[in-house]
Amino acid sequence: MGMTQAGTLVNGFGNASASDSRARDGFLARHGQTLREGIRDGLPIALGYLAVSFSLGIAASNVGLDAAQTFFASLFNNASAGEFAGFAVIGAGGSLVEIAVVMLIANARYLLMSCSMSQKLSPDTPLAHRVLIGFDLTDELFGIAIARPGSADPYYSYGAMLVALPGWALGGMMGAVAGGILPLRVVSALSVSLYGMFIAIIVPPARKNRVIAAFVVASFAASWAFGWLPMVSALSSSTRTIVLTVALSALAAALFPVGEDADEANSDTDAPECDAALDAPSETTPTTAAVESAGKAARDAA
């Protein structure tokens, strides 16, 4: 009896171990390749984040935050404008409500990205995946995810987040540790890398499409004009960005709609099994094409 019971327990543990192994193998078989692709494409972004967020760490140190506080502030708020605004309110002695309102305004543009990303996801994507993707939907991570053919795979975004988010948080922590050690000019120079990343995203599609190039130039001119024109100049930079994005995107869609032939040509490159999962509008604006081309260029550069 004892030997039989012991044998049953051993077999039970053995079966459980084998079951766990099969579960792990099944997960890797389904999502391993996509995770690796996300990590690969997220590495260049992580390196850029590491350098750019260093200046955020300096700003956090100047308002009294230590390295640990800066690390978690960056970990839970992967947004340069939002963090700078939040640290400024902290330095001014603002309340938690004031910090929350300022952060909401500074990060409002991510609402637009979330709406666009939700259309890229398969309709049956669980809410948990949608929330996790939205947690770290930055400009760069949005760009590489939206450019992939077919429905967006949450595990691709998870792979990119695995390296990009720690890069941002660690950069902020190192900046807080460095504090006043490095000269201010050196720290300020590191922020140039962020502009370099955006130039690398914008230039390739603009060179291939004159419409995209024209709207890129128009967006620069409009952004400059909105900075000094009466009434609109009083709006926050985040609100002006949202107004310009919606206005220029609508104008591009109205003046230069992409025909059905172009849509069919684009759909031929998608995987057949992904076609049924797509539930997005059939029209693609030049602005959307620019985002998709930018994401492809970022992946090719990686």
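Met231 sits in the loop between helix 11 (210–226) and helix 12 (237–255). Helices here are DSSP runs of H or I with at least four residues, strands are runs of E with at least two, and both are numbered from the N terminus. Phi of Met231 is near 75°, a positive value in a residue other than glycine. Met231 is exposed, with a relative accessible area of 75%.

The model is predicted: local features need pLDDT of at least 70, side-chain atom pairs count only at pLDDT 80 or more, and totals for chains, interfaces and linings use all residues. Residues are numbered from 1 along each chain as its sequence is written, and side-chain values use heavy atoms, with hydrogens and water left out.

**Overall fold**

The protein chain has 15 helices and zero strands. Of its 302 residues, 37% are buried. Buried means under 20% relative accessible area, exposed means over 50%, and partly exposed lies in between (1.4 Å probe, protein chains only). The chain exposes about 17,100 Å², and carbon and sulfur atoms supply 68% of that. Areas come from the Shrake-Rupley method with a 1.4 Å probe; for residues, only the protein chains shown count as cover. Among contacts with a separation of 6 or more, 81% join residues 24 or more positions apart. A contact means heavy atoms within 4.5 Å.

**Three residues compared**

| Residue | Place | Relative accessible area |
|---|---|---|
| Ile58 | helix 1 | 7%, buried |
| His129 | helix 6 | 18%, buried |
| Met231 | loop between helix 11 and helix 12 | 75%, exposed |

Ile58 also takes part in a long-sequence pairing. Its C-alpha atom is separated by 5.0 Å from that of Gly175, 117 residues apart along the chain. His129 is in contact with Pro154, Tyr155 and Tyr158, leaving aside its neighbours within four places in sequence.

**Nonpolar core**

The largest nonpolar core has 29 residues, and Met117 and Leu141 have the most contacts inside it. Helix 1 (2–62), helix 5, helix 7 (139–146) and helix 8 (154–178) each give two or more residues to this core. Such a core is a set of buried Ala, Val, Leu, Ile, Met, Phe, Trp, Tyr and Cys residues joined through side-chain atoms within 4.5 Å. Beyond four places in sequence, Met117 is in contact with Ile133, Leu137, Phe142, Ala145, Ile146, Ala152 and Ser157.

**Second largest pocket**

The second largest pocket is lined by 16 residues. Asn77, Asn107, Tyr110, Gly134 and Phe135 lie nearest its centre. Helix 4 (96–106), helix 5 (109–120) and helix 6 (127–135) each give two or more residues to the lining. Helix 5 gives the most, with three. A pocket is an open set of points on a 1 Å grid over the protein atoms alone, where a 1.4 Å probe fits, with protein on both sides within 12 Å along at least five of seven lines; lining residues have an atom within 4 Å of a point.
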